Amino acid sequence: MLNFTLRRLLIAVPTLFLIGTASFFLMRAAPGGPFDNEADLEPQVLENIRAAYDLDKPLMEQFVIYLGKALQGDFGPSLVYKDFSVTELVAIGLPVSAKLGFTAMLLALLVGVAAGIVAALRQNRFIDHAIMAMAMTGIAVPSFVVAPLLALFFGLYLSLLPVAGWNDGAWQNMILPVIALALPQVAIIARLMRGGMLEILQSNFVRTARAKGLNETRVICKHVLRPALVPLVGYLGPALAGIMTGSLVIELIFNLPGIGRYFVQGALNRDYPLVLGVVIIYAALIIFLNLLSDLAYAGLDPRVRKSYR
Amino acid sequence: MTVLLECENLAVTFDIDQGQINAVQDLSLTLSSGECLGVVGESGSGKSQSFLAMLGLLARNGRASGSVKFRGEEILAANRRRLNELRGSRLAIIFQDALSGLTPTMRVGEQLAEALRCHEAVDSAQARARAIEMMEIVNIPDAANRFSAYPFELSGGQRQRIMIAMAMICRPDVVIADEPTTALDVTVQAQILRLLDGFRRHTETALVMITHDLAVVAGLCDRVMIMYAGRPVEMAPTATLFDRPCHPYTIGLLKSMPTLRNDPAADLPVIAGQPPDMRKPPPGCAFAERCALAEERCREERPQLRQVGGSQQVACHLVSA
């Protein structure tokens, strides 16, 4: 198991290198540049700025310079947010997004898993149909509809919670964005959990467990739940990475200083170092969380554990 | 010999999208202690479903009606709690596919011990000791270590032995073996059958052997019930059945068995045709379509199971008492 983990971490290095390289050249291949939005710069001024950021050098040379600095942990200055380095922007934005995302996922797991189990145990009854209808709604209604509605109702109409803002992560400010982030995840998790349960409930070994005379609670807890979690675990890794690196929509609507908006703004403004920095962090998170989810598989299923030697 | 299981007019139906399937009908039988009953029929003849129904193990869309009594107590309508008390401790079942029949995420020893612990007041050390003892009885080598093995770490034969040990660990009165050897190769088959037979002889357990292999029946069972299209068509002591089969279906089955006297060059005789569609069962004898002797009456009127000779029962119009 330790070997497996180390091997996977080792493979992550070339993977990250490839992702970084591809993003670097793709960004440069896109038309436009970081200073196109500045109003009518003198050609000489533009020339000076480009030289200051090494943008006048041949592309390969820029790549080597970037790589050299990145290996030392310096992802360069942001070209648009003046006076901020990429590392600083990430240090400001990532904790906000990660805190929101992680809380939302935790909530989604609690509610989604419970709803999925109840739906599966009452298959085709009223409660099952109700849960699945809500789940379909949760998947179908986009967050740019849900988030303003939440703000409108709880913020303006009931005046219970702040409409927007971060306020250093006070819990009152977190409630609405966390709910808006969690809703679609609840829906997906509930569906995955229900599907996993229904499949396992039909299997021969559950019939064996019942034939032993075990009561239903024990059958579910000891024989059904663990194998039924497997489809969910595969989804959780990438989903957590996605939700922790921020959602542009939620961050814009609730005016939160997360990393999602930097990413999108960076891409629109051709802020090369910022986009690259965020892409590499996102990739590293995905790789790491996928590893965690593979380790969780091994925890659930001894057959997988054995294949990890 | 005490009567353990009495089953009267058992019927099993499944609700499906296009209506209903009558998987089992008019099944009546008794089973006494120490007896071995063979139940023979092709796939879909209802042989497994009838016994699953007796233990309340039908799939969600299945329903059973009629009467099943265990030691005089009606169990078909029993509540879940009473059923759980009986299942595993008094009435045990061995399923055919031991690979999918054991929980893949649980150690086999725990699965064994669990069967004991839910019926008897033993602590975990005692349960563990009994589980290992059972594993030794069913000839699992190095049982103490194999206790913590997972199902995928055992061979097919060993998994089937675990299933048998699991069924036997509470010394049940009735054991239903649902094709326990179909998934195994022939040499392992023989060992498993010997094991089951040994158990029955030592413990006075009644054994129901569900199979489509007549050779298994001949070697093991006292009595045989032949099922076709959800109904018993013939029931007789094993020797009588092989000497003097009455139902044309039974005769066909026996003829299609390879023996040492068969001409190796000749094709084995087969029963032509298919069993009827269970969604639209014919009004008369279900076997009439495939029966060379069928008359007008066979297609119109369903034959009832009736006594011929001393201990033989047949459902066929053409057999005279």
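This passage describes the contact between chain A and chain B, the overall build of chain A, and the pocket and cavities of the structure.

The structure is a predicted model, in which local features need pLDDT of at least 70 and side-chain atom pairs count only at pLDDT 80 or more, while totals for chains, interfaces and linings use all residues. Residues are numbered from 1 along each chain as its sequence is written, chains are lettered from A and ligands numbered from 1 in the order in which they are written, and side-chain values use heavy atoms, with hydrogens and water left out.

The secondary structure of chain A consists of 14 helices and 0 strands, where helices (H or I, at least four residues) and strands (E, at least two) are DSSP runs numbered from the N terminus. Along the principal axes, the C-alpha atoms of chain A fill a box of roughly 85 × 55 × 30 Å.

The size of an interface is often given as the accessible area lost when the parts come together. Chain B and chain A bury about 2300 Å² between them, with 56% of this on carbon and sulfur atoms; buried area is the accessible area (1.4 Å probe) that two parts lose on being put together, summed over both. Three residues, R60(B), T105(B) and E114(B), supply 25% of the area that chain B buries against chain A, more than any other three residues. In the contact (heavy atoms within 4.5 Å), 28 residues belong to chain B and 26 residues to chain A.

Across this interface, 4 salt bridges are found, a salt bridge being a side-chain nitrogen of Lys or Arg within 4 Å of a carboxyl oxygen of Asp or Glu. One salt bridge joins the side chains of R80(B) and E216(A) (4.0 Å, N to O). On the side of chain B that touches chain A, two or more residues come from each of α2 (80-86), α3 (98-101), α4 (108-117) and α7 (156-168) of chain B. The largest share of that side, 4 residues, is given by α4(B).

Open and enclosed spaces were located on a 1 Å grid over the protein atoms alone: a cavity is a set of points where a 1.4 Å probe fits but cannot get out, a pocket is an open set with protein on both sides within 12 Å along at least five of seven lines, and lining residues have an atom within 4 Å of a point. Grid points are joined across faces, edges and corners, and a volume is the space filled by probe spheres set on the points.

The largest pocket holds about 1200 Å³ of space. Of its 37 lining residues, R210(A), L58(B), A59(B), R60(B) and R80(B) lie nearest its centre. Both chains contribute elements with at least two lining residues each: α7 (171-201), α8 (204-211) and α9 (216-228) of chain A, and α1 (47-54), β4 (62-70) and α2 of chain B.

The whole structure contains 5 cavities of 30 Å³ or more. The largest cavity has a volume of about 220 Å³, and the closest to its centre among its 19 lining residues are Y228(B), A229(B), R231(B), A286(B) and R302(B). Two or more lining residues come from each of β2 (19-32) and β10 (231-237) of chain B, and β10(B) gives the largest share, 3 residues.

The second largest cavity occupies about 100 Å³. Its lining includes T208(A), A211(A) and K212(A) together with residues of chain B, among them G88(B), F95(B) and M163(B). Elements supplying two or more of these residues are α8 of chain A and, in chain B, β6 (91-94) and α7.
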